[in-house]
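New notebook page. I want to look up the pocket, the core and one helix here, and jot down what I find.

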Amino acid sequence: MSFESIIFSLSFIAPMLASLLIFLFGKKGFIKEGISFFAIILSVVSTSSYWHYITLNNNTLLLYEESFYIDGFSILMQFMVEAVALLVISYSARYIEKLYFHKKEKFHVYYGVILLSTGFMNLAFILNNLFWVYITLELSSILAVYLIVFNLNKATLKAGFKYLIFVNVGILFSLLGIILLFYATGKPVMINNIGQAVSNLPYTIALICAVLFIIGFFTKSGLIPFHLWLPDAYAEAPSAVTVFLAGAVTKMGFYGLARTVTIFAFHYEEIKILVIILAALSMLLGALLAFNQKDIKKLIAYCSISEMGFIGAALALKSYEGIFGGVFQIVNHTLIKGVLFFSVGAIIYACGTRKIEEIKESIGKIPVIGITFFIGALAVGGMPLFASFLSSITIFLALAKEFLWASVILIFAEFISVIALLKTAIYIFWQKNEHNKAQKSFIPFTIIFCTLICAVLIILFGIYPEIIYPLIDSATRGIIKIAG
């Protein structure tokens with residue numbers, strides 16, 4: 001094996017090997033944190049090598065007799081998952097130490113599972129055979145169950161069981177789609193030639209395949225009407241894990257959508273219309289269900305469903321602008337959920353509760369977290385100066401060309417979501433409370449730092465989008481290239 005091949009492989013091998021070391025030796029001192037950081041850094045170096053190669057050659061990369069297929073979209077997804085993993089590991093060090101002290105003996109397993117899941121996701125993003133993508137996606141889903149039920153009480157077990165049943169049964173539909181494609185084409189379904197395979201399918205077979213993929217990957221993403229697992233999983237998991245779920249694990253669903261359903265939408269108008277309708281349903285109902293939630297994490301979870309509807313709709317559009325907006329929104333959604341759930345984690349760290357009324361009664365002064373929560377709320381609304389404004393307006397304009405009614409729903413959903421979040425933020429942080437005046441809550445630096453990183457990036461990419469434009473553009477062209 002050449003040195004270059006080893007470097008290319010580190011994106012998934014480093015986290016996997018590191019997880020094994022942590023499982024074996026992670027109970028000792030700070031070994032688990034040190035190994036985790038080192039593994040993610042190696043993974044970032046590996047992904048950067050892909051990016052360097054593709055930038056120089058303006059091409060995709062096929063390795064090991066076409067077993068691996070790497071393009072701009074693969075690289076973007078890897079960078080995003082690695083960034084989320086790095087932030088989650090940094091945030092967790094002090095967070096779980098206090099809130100989950102009774103699980104101290106299992107901290108090394110917690111870190112190991114995050115790394116192993118990161119390794120499987122990074123592997124899925126570069127595999128060429130769609131069947132093996134499904135296998136790695138399933139493995140990452142199963143590993144996420146441990147993180148959801150980490151606190152091991154009745155509520156977390158219920159949320160974990162619901163996640164396991166809904167997501168794994170849902171994803172089976174995508175496996176059926178892969179099998180049907182294999183049966184119809186007579187050869188394994190490879191990402192680099194799926195566009196050609198889909199264009200030559202009999203009409204009925206194509207529609208059935210597309211519907212199977214929609215059910216599978218909509219369930220994995222948590223889009224309505226396949227969302228029933230998401231609010232409980234996001235609410236009951238530790239806040240750092242919630243960021244990992246929202247910023248990395250559910251993005252596997254959108255990776256699957258872009259590699260399959262987008263291709264069908266390019267060739268069959270009926271599929272495009274169906275996806276737009278379902279995505280609009282997610283936009284609207286997610287925002288409406290967010291209103292009057294008593295649990296702050298469930299409030300953000302429903303807003304997340306609404307935002308993910310934007311991505312689903314954009315990925316179904318047969319235009320560069322639509323796909324570009326959808327890919328940009330994938331990144332922005334990750335940053336926004338990082339800001340909001342990290343902020344909520346700080347609030348829970350200070351107050352010990354997720355209930356909005358109880359937070360109001362017990363929260364002390366935490367001005368930085370108050371500011372970051374407001375930043376996240378405004379970013380959900382797609383306000384100017386935030387990167388979400390650029391992605392939202394791009395999706396709006398692309399949708400308006402063909403589906404004006406869907407673009408109107410998008411604007412309405414953003415308005416409802418931002419009102420729900422701002423109402424909660426004002427109630428918690430601004431309305432007068434004697435306790436707020438008297439006491440200042442202590443929040444560890446690492447928790448504040450990780451939250452600020454997400455907040456700064458969502459503003460930075462909004463003011464200077466040229467920083468991230470090359471990655472988004474390369475990812476968009478990669479999706480369109482395989483669509484044919």
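What volume does the largest pocket have? I get about 440 Å³. A pocket here is an open set of points on a 1 Å grid over the protein atoms alone, where a 1.4 Å probe fits, with protein on both sides within 12 Å along at least five of seven lines; lining residues have an atom within 4 Å of a point. The volume is the space filled by probe spheres set on the points, which are joined across faces, edges and corners.

Of the 21 lining residues, Phe 79, Met 80, Ala 83, Leu 335 and Leu 457 are the closest to the centre. Helix α3 (72–99) gives the most to the lining, eight residues.

Background check: this is a predicted model, where local features need pLDDT (the predictor's confidence in each residue, from 0 to 100) of at least 70 and side-chain atom pairs count only at 80 or more, while totals for chains, interfaces and linings use all residues. Residues are numbered from 1 along each chain as its sequence is written, and side-chain values use heavy atoms, leaving out hydrogens and water. The chain averages a pLDDT of 88, and 94% of the residues score at least 70.

Next I looked at helix α10 (residues 239–249; helices are DSSP runs of H or I, at least four residues, numbered from the N terminus). Eleven of its eleven residues are buried (under 20% relative accessible area, 1.4 Å probe, protein chains only), so α10 is largely enclosed by the rest of the structure. Phe 244 is one of them.

Phe 244 turned up again: in the largest nonpolar core, Phe 244, Phe 264 and Leu 399 touch the most other members of the 186. Such a core is a set of buried Ala, Val, Leu, Ile, Met, Phe, Trp, Tyr and Cys residues joined through side-chain atoms within 4.5 Å.

Key:
Buried means under 20% relative accessible area, exposed over 50%, partly exposed in between (1.4 Å probe, protein chains only). Helices (H or I, at least four residues) and strands (E, at least two) are DSSP runs, numbered from the N terminus.
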